[in-house]
Amino acid sequence: MILSFVSLRGFARPVLAAGALALSLAAGPAAAQSLLNVSYDPTRELYREYNAWFAEWWQAQGNPRPTIQASHGGSGAQARAVIDGLGAQVVTLALAGDIDAIAANSGKVPEDWQSRLPHNASPYTSTIVFLVREGNPKGLKDWDDLVKPGVEVITPNPKTSGGARWNYLAAWGYAQENGLDPQEFVGALYRNVPVLDTAARGSTTTFAQRGLGDVLLAWENEAYLALKELGEDQFDIVVPSVSVLAEPPVALVEGNIADDATRALATAYLEQLYSPEAQAIALRNFYRAWDVSAADPADVARFPEVNRLSIDYFGGWARAQPEHFGDGGIFDQIYQGQ
Amino acid sequence: MTDITPTRWRPATTEPALVKWSLTGLCLAVLTVLLFAPLIAVFDEALRRGWAFALASLGDPDAQSAIRLTLVVAAISVPLNAAFGIAAAWAITKFDWRGKAWVITLIDLPFSVSPVVAGLLFVLMFGANSALGGWLVANGFPVVFAVPGIVLATMFITFPFVARELIPVMLEQGRAEEEAALTLGASGWRTFLTVTLPNIRWALLYGVLLCNARAMGEFGAVAVVSGKIRGQTTTMPLMIEMFYNEYLSVAAFTMASVLALLALVTLTLKSALEWRYADQLAATHRHH
């Protein structure tokens, strides 16, 4: 009470100085030739290689060398971050629905984004395959082997993971194509799932590093990557007779384009994904790509033909999402019934 | 003369040897399983392919920028929190005012709020969809998904540490010395520098160490506001998770070892302080 407030003024000075330091560190001006690609988890290796190639290419066109930054996370969470203000100029996500969400909630992406680039704005595609233990000890060849008693299936939760929705739909499609009751079939499949991780990488870790389960339902690219990183002598890949055509789409985030230079860079970044060189990079990183002209034949030969059902087979995401994965949807009925 | 039975006698304040040793053993066993073994496992994983490989992983530009960012964030948030902690402890212990108890509770809030909630709070406040956040982004000063957001989140999580250390010490010391200095004609600032600060310096250092350890290790709140841009808004704890998810386990565990070493250094300093300056650290220790 007796003390004067002089002391308070003394405190204020260092506080303000530190605050000003924080501001100056943060406000680093966004250089014209920098680009932020907000992507999803399994594309880390792909975009690391593509970003290096693209920076070279862009420079070879007579431009200054760009800085390409990447952010990876769960596809839905990444879309949410862009809506909340993460300054991505391009998004390369797992599901069209996630980019639709950005368009609907922030208006930063035009509604017709998917028609602005070839192949539904998907420069590469993937499918769902089985990763099994070396030598396939349980003899798992197709979806109907996975519903047998005593088989443990590892797949993430379709409520939270984009990849897991494809896993679920692939099984559904197999049942429908083979005249089985899909709901019963998928129910039997999920009864063989001992643990539902929240995301695809988590499931891969559960299967590969913690050694749980007999079969991992995985993105084809993830399965090959696990093979490459964790040892070809530990796992085998089994391609089922029916699977899905997953089209991870890309889009320009109009709302985050500051000037024409950035627009040119971001547009080229997306367009060059379709160039033979980039397609070869995608194939090398275990994605199925459209243009194989510059690819290593071994990278192309890796992928066997498979009957791939696109999301249209299931009525499009707008219908499949609420019907199967919404609150009280078919997945809830299947899973709560257990 | 009566017979004394010496074998059965023991002071009433000690336990039988069996109880003593089994309790000690249990405690050590739990510590081994829960603390030492995992800690050793972290270092073991890091060195699985040798020292050279582990050290080389720290040379990765993303790893270096993560280390740099963590140090920058700690360098900003720890001094600010130290200043805040001193100011808060000063206001609470040297003055009487209404609502003091309420402010003390408020200072404790970050201890009880989940870090995820803290992170989301900043996204809500400064995200592009709030009025303030929208204005800041439009003027080229984004807070969330940029360094300021990470600093804010870290400060929020660590702000009780210094104040909580200082308040009991300053309460115990009372106001008499400051009042004496003032009546002798010292200015407020001089009173603080020559009377208060020397009295609280060890407690202050202790609080700063704890605050620093937490600031460098914070994951949850930072993960929400970071945007996870590699080489730009990725701190060490976030980088560890990313490396691990990319199957770069040596890089992940090497960085985890660096963080663990920082924590161990902090812990050692803290123990040294406790041992040397116990009487000046926490008022309650005085009456032992």
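Two strands are taken to pair if DSSP finds at least two bridges between them. In the predicted model described here, strand β5 of chain A (residues 128-133) meets this criterion with β8(A), to which 4 bridges join it in an antiparallel arrangement. Within this pair, Leu131(A) has Ile237(A) of β8(A) as its bridge partner.

Both strands belong to an open sheet of 4 strands in chain A, ordered β6-β7-β5-β8, in which the pairing is mixed. The sheet is bounded by the edge strands β6 (153-154) and β8 (235-238) of chain A, each of which pairs on one side only. Helix α9(A) lies across β5, β6, β7 (215-219) and β8 of chain A. Relative to β7(A), the helix runs at about 150 degrees.

A second open sheet in chain A also has 4 strands, here in the order β2-β1-β3-β10, and its pairing is likewise mixed. Its edge strands are β2 and β10 (250-252) of chain A, each pairing on one side only. From one strand to the next, the twist averages 20 degrees. Strand β1 of chain A (residues 34-40) runs parallel to β2(A), and 7 bridges join the two. Tyr40(A) stands opposite Gly73(A) of β2(A).

Enclosed space was examined next. The search of the whole structure returned 6 cavities of 30 Å³ or more, and the volume of the largest cavity is about 70 Å³. The elements that contribute two or more residues to the lining of this largest cavity are α7 (162-177), α9 and β7 of chain A. The largest share, 4 residues, is supplied by β7(A). Residues of chain A in the lining include Leu216(A), Leu217(A), Ala218(A) and Trp219(A), together with Asn167(A), Ala200(A), Ser203(A), Thr204(A) and Glu222(A). Pro156(A) and Gly163(A) also line the largest cavity. By class, the lining comprises 6 nonpolar, 4 polar and 1 charged residues.

Among the open spaces, the second largest pocket holds about 760 Å³. Of the 33 residues that line this pocket, those closest to its centre are Gly74(A), Ala77(A) and Gln78(A) from chain A, and Ala223(B) and Lys228(B) from chain B. On the chain A side, at least two lining residues each come from β2 (67-73), α3 (75-83) and α9 (200-208). On the chain B side, α5 (115-126), α11 (220-226) and α12 (236-245) each do so as well. The lining of the second largest pocket has 13 nonpolar, 12 polar and 8 charged residues. Strand β2(A) thus appears both as an edge strand of a sheet and as a contributor to the pocket lining. Helix α9(A), which lies across the other sheet, gives residues to the linings of the largest cavity and of the second largest pocket.

For chain B, an unreviewed UniProt entry carries the annotation "domain: ABC transmembrane type-1" over residues 67-270. In the model, this span is 80% helix and 0% strand, and its end C-alpha atoms lie 23 Å apart. UniProt (unreviewed entry) also places the feature "transmembrane region" at residues 21-43, 66-90, 102-128, 140-163 and 247-269 of chain B. Over residues 102-128 of chain B, the chain is 85% helix and 0% strand, with 32 Å between the end C-alpha atoms. Residues 247-269 of chain B are 91% helix and 0% strand, and the end C-alpha atoms of this span lie 34 Å apart.

Notes
Residues are numbered from 1 along each chain as its sequence is written. Chains are lettered from A and ligands numbered from 1 in the order in which they are written. This is a predicted model: local features need pLDDT of at least 70, side-chain atom pairs count only at pLDDT 80 or more; totals for chains, interfaces and linings use all residues. Side-chain values use heavy atoms; hydrogens and water are left out. UniProt positions are given in the numbering used here, feature names are shortened, and annotations may be inferred rather than shown by experiment. On a 1 Å grid over the protein atoms alone, a cavity is a set of points where a 1.4 Å probe fits but cannot get out, and a pocket is an open set with protein on both sides within 12 Å along at least five of seven lines; lining residues have an atom within 4 Å of a point. Grid points are joined across faces, edges and corners, and a volume is the space filled by probe spheres set on the points. Ala, Val, Leu, Ile, Met, Phe, Trp, Tyr, Cys and Pro count as nonpolar, Asp, Glu, Lys and Arg as charged, and the others, Gly among them, as polar. Contact means heavy atoms within 4.5 Å. Axes are lines fitted to C-alpha atoms, for helices over the stretch in contact, and angles run from 0 to 180 degrees between N-to-C directions.
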